[in-house]
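Hi,

Here is the structure I promised to pass on. Have a look at it first, and then read my notes underneath.

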Amino acid sequence: MLSQDIAILVIDDSVEDGRILEENLAQSGHSRRLHFCRSTQEAFEIMAQSSYTMILTDHRPPEIDAFQLLKYLT
């Protein structure tokens, strides 16, 4: 079991996928901070202000592809 809060940034333009993820995480019982972005531009702005334990993204996030996103994050 995790002993700290999990901060998760989700980059996905699908509202339904986000809802399913949120429901599954709520059932886990872990304390978490979950932030959804519908565009990569929004994600870049948020990442400049906050840090995250985990970033989940669609394979084809809005505006750029996942490989460009990964390159930006490294």
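Below is what I found, starting inside and ending at the surface. Keep in mind that this is a predicted model.

First, the inside. The largest nonpolar core has 10 residues. Helix α2 supplies the largest share of this core, four residues, and the elements that give two or more residues to it are β1 and α2. From the helix, that means Ala 43, Phe 44, Ile 46 and Met 47. The other members are Ala 7, Leu 9, Ile 11, Cys 37, Tyr 52 and Leu 69.

Now α2 itself, which runs over residues 40-47. Its buried residues are those same four core members plus Thr 40. They span an arc of only 165 degrees around the axis, so they lie on the same side of α2. The general background is familiar: an α-helix has 3.6 residues a turn, so residues three or four places apart point the same way. As for what sits over the buried residues of α2, the cover includes β1 (6-11), β2 (32-37), β3 (54-57) and α3.

Then the outside. Ile 55, Phe 67, Leu 70, Tyr 72 and Leu 73 make up a nonpolar patch on the surface, with about 510 Å² of accessible area together. Helix α3 (residues 66-73) contributes the most to the patch, with four residues. One residue to click on is Leu 70, which is found in α3. Is Leu 70 buried or exposed? Its relative accessible area is 49%, so it counts as partly exposed.

Cheers

Note on methods:
Residues are numbered from 1 along each chain as its sequence is written. This is a predicted model: local features need pLDDT of at least 70, side-chain atom pairs count only at pLDDT 80 or more; totals for chains, interfaces and linings use all residues. Side-chain values use heavy atoms; hydrogens and water are left out. Patches are made of residues with over 30% relative accessible area and no salt bridge: like charges are joined within 9 Å, nonpolar side chains (Val, Leu, Ile, Met, Phe, Trp, Tyr) within 5 Å. Accessible areas come from the Shrake-Rupley method with a 1.4 Å probe; for residues, only the protein chains shown count as cover. A salt bridge is a side-chain nitrogen of Lys or Arg within 4 Å of a carboxyl oxygen of Asp or Glu. Buried means under 20% relative accessible area, exposed over 50%, partly exposed in between (1.4 Å probe, protein chains only). The arc is that of the directions from the helix axis to the C-beta atoms. Contact means heavy atoms within 4.5 Å. A nonpolar core is a set of buried Ala, Val, Leu, Ile, Met, Phe, Trp, Tyr and Cys residues joined through side-chain atoms within 4.5 Å.
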